[in-house]
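This report describes strand pairing and hairpin turns in one structure. The sequence and the coordinates are shown first.

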Amino acid sequence: MSRYVITITALLCALLLVGCSDKAAQPGAGDEHAETEGHAEEGGEHAEGEKHEGEGHADEVPSTTIPTQRAAAMGVRVEHAGQGVIADQHEVQGLLTPVEGSIAKVQARFPGPIRALRANVGDTVRAGQPLATIESNLSLATYTINAPISGVVLAREASVGAVATEGMALYEIANLGDLWVDLHIFGRDAQHIRAGNGVAITRMSDGESAETQIERILPSTATASQSTVARARIKNSDGLWRPGSAVRARITVDEQRSAITIPLTALQTAGTEDVVFVVVGEKYTQRPVRLGKRDARRVEVLAGLKPGESVVTEQSFLIKADIEKSTAEHDH
């Protein structure tokens, strides 16, 4: 019986040795497990890296790069953000009128038939220039009437062959080198307007503007409109400011200096935000800004810009379009 026990024990030992030998003969088994774990870790790192990359694109500041020559060809202009003035302005309507003393009547001195008229409406005449010849009924001799002032013929009241009476108006001439602008101001706005206030006058015909200032506030109220009339003078250097024409005007009643201002043309919108485009070299970056007071030309920047930063002030909508195009191409 002890011999059988010894024999069974020997067989069990032999089986154990074979099992160990088979495990040792598979060197890749343990390595395969390690490799699998390694791949799992590597895959985790890779996935994590992709996640970070995706997050980076999501947070990327919208920008684009435009070569200098191309930007110039697009008409892009840049200005440094810095101190400026925001004006408190009132917008009003006005009417151009001749300056007192600049209009002259050309009249017949003696009665008689009109033999010649030498100017027409719209002609420019000089002082002393012959305008009409009349045959006097008293002397039967002709006499000449000259222009009393230099200016433009506004009206011609007679015709050749007609009989002029003594004192009859033949022409009306006006020197239109200077004109009044009568600005009509309503309600409480009149309390803020003073002589000396700056005013920008704009022609409605072509948008041309002229800078001047209010000379006086007329003492009476315009009967038809019940408005207060502020009067300013402008130079009619190009002859295109015409009496009787309506104009727009902006009267500046106060000015406030601000640390950072930019032209209104620099502003664009992105969603619900006001944005500008900051330029560094050839890179244009979209920047949200918080705005303050503004006038017809400039706006105060309360946050989002630093003094001296370069901002696109003309053709900013082209920069916006280029950024949107670049973003769309990147998303695809």
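In this predicted model, strand S4 is joined to strand S11 (residues 169–174) by five bridges, and the two strands run antiparallel. Within this pairing, Ala-104 of S4 has Ile-173 in S11 as its bridge partner.

The pairing of S4 with S11 belongs to an open sheet of four strands, arranged in the order S4-S11-S9-S6 with antiparallel pairing. Strand S4 (103–107) and strand S6 (124–125) each have a single partner strand and stand at the edges, so one side of each is left without a neighbour in the sheet.

Further along the chain, S14 is paired with both S13 and S15. The pairings are listed below, together with that of S4 and S11.

| Strand pair | Bridges | Direction |
|---|---|---|
| S4 and S11 (residues 169–174) | five bridges | antiparallel |
| S13 (residues 198–203) and S14 (residues 209–222) | five bridges | antiparallel |
| S14 and S15 (residues 227–235) | five bridges | antiparallel |

In the pairing of S13 with S14, Ala-200 has Glu-211 in S14 as its bridge partner. The hairpin of these strands has five residues between them, and Gly-207 takes a positive phi near 80°.

Strand S14 also forms a hairpin with S15, with four residues between the two strands. Here Ala-222 stands opposite Ser-227 in S15. Which residue in the turn between S14 and S15 has a positive phi? In that turn, Gln-226 has a positive phi of about 55°.

How values were computed. Residues are numbered from 1 along each chain as its sequence is written. This is a predicted model: local features need pLDDT of at least 70, side-chain atom pairs count only at pLDDT 80 or more; totals for chains, interfaces and linings use all residues. Side-chain values use heavy atoms; hydrogens and water are left out. Two strands pair if DSSP finds at least two bridges between them.
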